[in-house]
Amino acid sequence: MTSDTDADYYCEQYLLTVVCCPLTLIIMKNNEYILNTTVLSGQCDSLMRLRPEACFMSFQDVASRHAMFLGIDDFSLLEKDNALWVVSKTKVKINELPRWNDEISVRTWPMGAEGVRCNRCYQIMKDGKVMINGITEWVIIDADTRHLRKVETTSYPNDIDWITEKSIDERFRRFKDDFTDEDLVYRRLVRSGDIDVTHHTNNVTYITMLLDTFSVKELESMTLKDMEISYLSESLEGETLLIYRKRKDDGYYFSIKKEDGKTAVMAYLI
């Protein structure tokens, strides 16, 4: 086995760390993080394409690793500021889905804070070609009150040479919650395996819930291009969620609601 870091060295503007392991090569700077890895069979669908859930999970993983390197991961933020990260919105544009055994690079970089919001960009590349672009909007909440915290009240760094490149220029969409009982597809109990470090349903789990409204045959016939999801409220272990889907001219729209009628998630895909 290799050590956690095979080579560390300081440059004038940033710290660069290279980490090697059997399937991955990680390149970290203070303003970006690149994971060179291989698409595994467990990340693929029935046609051996990278699952959308695996794409979102890759984004989540590299964001978490980069945040840990910067000292602002969930554990550090909780210890220093009694606060937690929560992803509020994600937009993904797919040019082509990687396939099983493809060697890919997953790149991420934060764009700095704007008020209570922090945007982070992502790219999945193969042979230098961008296959998937993504962007997420993150907010910081107080660990006790669960209320939004201003970024400047935390240890979020302000001395980074932010990358101004944006992976997706489009604004996040505004969803219209016009779902009726006729749009209800199924109900889903939140179980222990759905829960993440913040003790609410992991954001990637919702992607699986949305895609489970389709059959395997339907998913195999689809060529996903755009996905967008807005996280509106948390759901907890033991709660029952109602998953709605509506087909419109420009794509599929989704809502995931709790039994009390409160909306947890709204989403779109085409």
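This passage describes helix α2 and three residues with positive phi in a predicted model.

Helix α2, which comprises residues 74-81, has a buried set made up of Asp74, Ser76, Leu77 and Asp81. These residues cover an arc of only 165 degrees around the helix axis, and they therefore lie on the same side of α2. This one-sided arrangement can be read against the general geometry of such a segment: an α-helix has 3.6 residues a turn, so residues three or four places apart point the same way. The elements that cover the buried residues of α2 include β5 (83-94), together with β8 and β9, whereas Phe75 and Glu79, on the other side of the helix, are exposed.

At the N-terminal end, α2 is capped by Asp73, a side-chain oxygen of which lies 3.2 Å from the backbone nitrogen of Phe75. Just after the helix, Asn82 adopts a positive phi of about 55 degrees.

Positive phi values also occur in two loops. Arg146, in the loop between β8 (129-142) and β9 (148-149), has a phi near 65 degrees, a positive value in a residue other than glycine; with a relative accessible area of 30%, the residue is classed as partly exposed. His199, placed in the loop between β10 (184-189) and α3 (203-211), likewise is not a glycine and has a positive phi of about 65 degrees. The relative accessible area of His199 is 61%, and this residue is therefore classed as exposed, the cut-off for that class being over 50%.

Terms used:
Residues are numbered from 1 along each chain as its sequence is written. This is a predicted model: local features need pLDDT of at least 70, side-chain atom pairs count only at pLDDT 80 or more; totals for chains, interfaces and linings use all residues. Side-chain values use heavy atoms; hydrogens and water are left out. Helices (H or I, at least four residues) and strands (E, at least two) are DSSP runs, numbered from the N terminus. Buried means under 20% relative accessible area, exposed over 50%, partly exposed in between (1.4 Å probe, protein chains only). The arc is that of the directions from the helix axis to the C-beta atoms. Contact means heavy atoms within 4.5 Å. A polar contact is a pair of N or O atoms within 3.5 Å; within protein, one must be able to donate a hydrogen and the other to accept it, and residues adjacent in sequence count only if both atoms are side-chain atoms.
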